[in-house]
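This briefing introduces a structure to a reader who has not met it before. Please keep the sequence and the model at hand while reading the points below.

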Amino acid sequence: MFKLSDFDFDLPADLIAQTALPERSASRLLEVDNRATPPRLVDRRFAELPACVAPGDLLVFNDTRVLKARFFGQKASGGKIEVLVERLTGARSALAQIRASKSPAPGTTLRLADAFDVTVGERVEPFYTLHFPDDCLTLIERYGRLPLPPYITHDADATDESRYQTVYARNPGAVAAPTAGLHFDDALFARLDEHGVERATLTLHVGAGTFQPVRVENIAEHRMHSEWYELPQSLVDTIAATRARGGRVIAVGTTSMRALEAAARDAENAGRPLAATAAETDIFITPGYRFRVVDRLITNFHLPKSTLLMLVSAFAGMDAIRAAYRHAIDERYRFFSYGDAMLLTRQTA
């Protein structure tokens, strides 16, 4: 049984990327071949991705768009608050985290961004229901701030508002970016198209739980926050066609992987084939998980002791990931959301 300490490592603070590179595809890419012993590690530029994939392969992207979900405000008493919208639940309602000196009671009015008032509704642990005076999405996009991850120390600026979104972001609803997709630009897409690589999208709205630390040593006791996702029928059909021609399904990011594997696991448990799905998932992928859909994974480097580090360890193997992270630190790769990427292959055993 794996423990939390199995997923710890020492990371020099100066390797945590604080800003995005001027050019998206100029980031580095560590190709991890775990078929070799020890794993073969190839240092590349992300722009070299077409050389690492084959014609007929399928790249699956998460097209969620990050909301300007962070607000600063005050209670009627004048006390300061910070609000992070977790998800929209209706045209005028949302779930949110609230930081305040004292938890607000139902019926409390909060002033956000010195622009409009919201009313606190029922508690849905660990979140609060907030009722907005008008369309949530309109008010959030007009008055909110981009919620950069806690390990990025500067306030979001105009550059972040562009670079902390993928170029294909379409469906608003996330509070964190699907960061593996940040490396792609239109020029790279054109080269992948010329190479015969197919592309498809799903949606998973990344929640604040993606930054939730694991606080138990026995990782089996950890519980994930749920996130909403949708697999369209067009993607299901494209996956089937990819399999039929011998291509590989490549998830761009852990959010794409979680959506694909959650839908496939639930379909298998129900005794039916993969189908179009719109549902919540709290899937927690740890070593020993049996992958059903994804053959390869493009992903950034993740935090010590994080659920995402557990996921990639399950996918590529503990030894391969440990070797890759040691190499990345020695070679001074950039870590986390604005950092560099890896290309992983599913372990065969």
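In this predicted model, strand S3 (residues 58-62) and strand S14 (residues 249-252) are joined in parallel by 3 bridges. Within this pair, Val60 stands opposite Ala251 in S14. The points that follow take up the open sheet, the barrel, two helices and two individual residues.

**The open sheet**

- S3 and S14 both belong to an open sheet of 9 strands, whose order is S2-S1-S17-S16-S14-S3-S12-S13-S15.
- The pairing in this sheet is mixed.
- Strand S2 (40-45) and strand S15 (277-281) form the edges, each of them pairing on one side only.
- From one strand to the next, the twist of this sheet averages 25 degrees.

**The closed barrel**

- A second arrangement is a closed barrel of 6 strands, which runs S5-S6-S7-S10-S9-S8 with antiparallel pairing.
- In the barrel the twist from one strand to the next averages 45 degrees.
- Helix H1 (residues 136-143) lies across S5, S6, S7 and S9, and its direction makes an angle of about 140 degrees with S6.

**Strand S5 and its two partners**

- Strand S5 (residues 70-75) is joined to strand S6 (residues 80-90) by 5 bridges, the two strands running antiparallel.
- Gln74 has Lys80 in S6 as its bridge partner.
- S5 and S6 make a hairpin with 4 residues between them, and in the turn Gly78 has a positive phi of about 100 degrees.
- S5 is also joined to strand S8 (residues 109-112), again in the antiparallel sense, by 3 bridges.
- Two residue pairs illustrate this second pairing: Gly73 stands opposite Leu112 in S8, and Lys75 stands opposite Leu110 in S8.

**From S6 to S7**

- S6 pairs antiparallel with strand S7 (residues 93-99) over 7 bridges.
- In this pairing, the bridge partner of Val85 is Ala96 in S7.

**Strand S8 and the hairpin with S9**

- The side chains of S8 alternate along the strand: Leu110 and Leu112 point to one face and are buried, whereas Thr109 and Arg111 point to the other face and are not buried.
- S8 pairs with strand S9 (residues 116-124) in the antiparallel sense, over 4 bridges.
- Arg111 has Asp117 in S9 as its bridge partner.
- The hairpin of S8 and S9 has 3 residues between the strands, and there Ala113 takes a positive phi near 55 degrees.

**Helix H5**

- Helix H5 (residues 254-269) has 16 residues, which at 1.5 Å a residue should span 22 Å; the end C-alpha atoms are 22 Å apart, so the span agrees with the expected value.
- Because 12 of its 16 residues are buried, H5 is largely enclosed by the rest of the structure.
- The buried residues of H5 include Thr254, Met257, Leu260, Ala264 and Ala267.
- Just after H5, Gly271 takes a positive phi of about 75 degrees.

**Thr242 in helix H4**

- Thr242 is located in helix H4 (residues 233-244).
- Thr242 counts as buried because its relative accessibility is 0%, and the cut-off for buried is under 20%.
- The side chain of Thr242 reaches the backbone oxygen of Thr238 at 2.8 Å.
- Leaving aside residues up to four places away in sequence, Thr242 touches Gly56, Leu58, Gly247, Arg248 and Val249. Among these, Leu58 falls in S3 (residues 58-62) and Val249 in S14 (residues 249-252), the strand pair with which this briefing began.

**Val167 in a loop**

- Val167 is placed in the loop between helix H2 (158-163) and strand S11 (171-174).
- With a relative accessibility of 39%, Val167 counts as partly exposed, because that class lies between buried, under 20%, and exposed, over 50%.
- Which residues does Val167 touch, not counting residues up to four places away in sequence? They are Arg24, Phe184, Asp185, Asp186 and Phe189.
- Val167 and Pro22 are 145 residues apart in sequence, and their C-alpha atoms are 14 Å apart in space.

How values were computed:
Residues are numbered from 1 along each chain as its sequence is written. This is a predicted model: local features need pLDDT of at least 70, side-chain atom pairs count only at pLDDT 80 or more; totals for chains, interfaces and linings use all residues. Side-chain values use heavy atoms; hydrogens and water are left out. Two strands pair if DSSP finds at least two bridges between them. Buried means under 20% relative accessible area, exposed over 50%, partly exposed in between (1.4 Å probe, protein chains only). Contact means heavy atoms within 4.5 Å. The expected span of a helix is 1.5 Å times one less than its number of residues. Axes are lines fitted to C-alpha atoms, for helices over the stretch in contact, and angles run from 0 to 180 degrees between N-to-C directions. A polar contact is a pair of N or O atoms within 3.5 Å; within protein, one must be able to donate a hydrogen and the other to accept it, and residues adjacent in sequence count only if both atoms are side-chain atoms.
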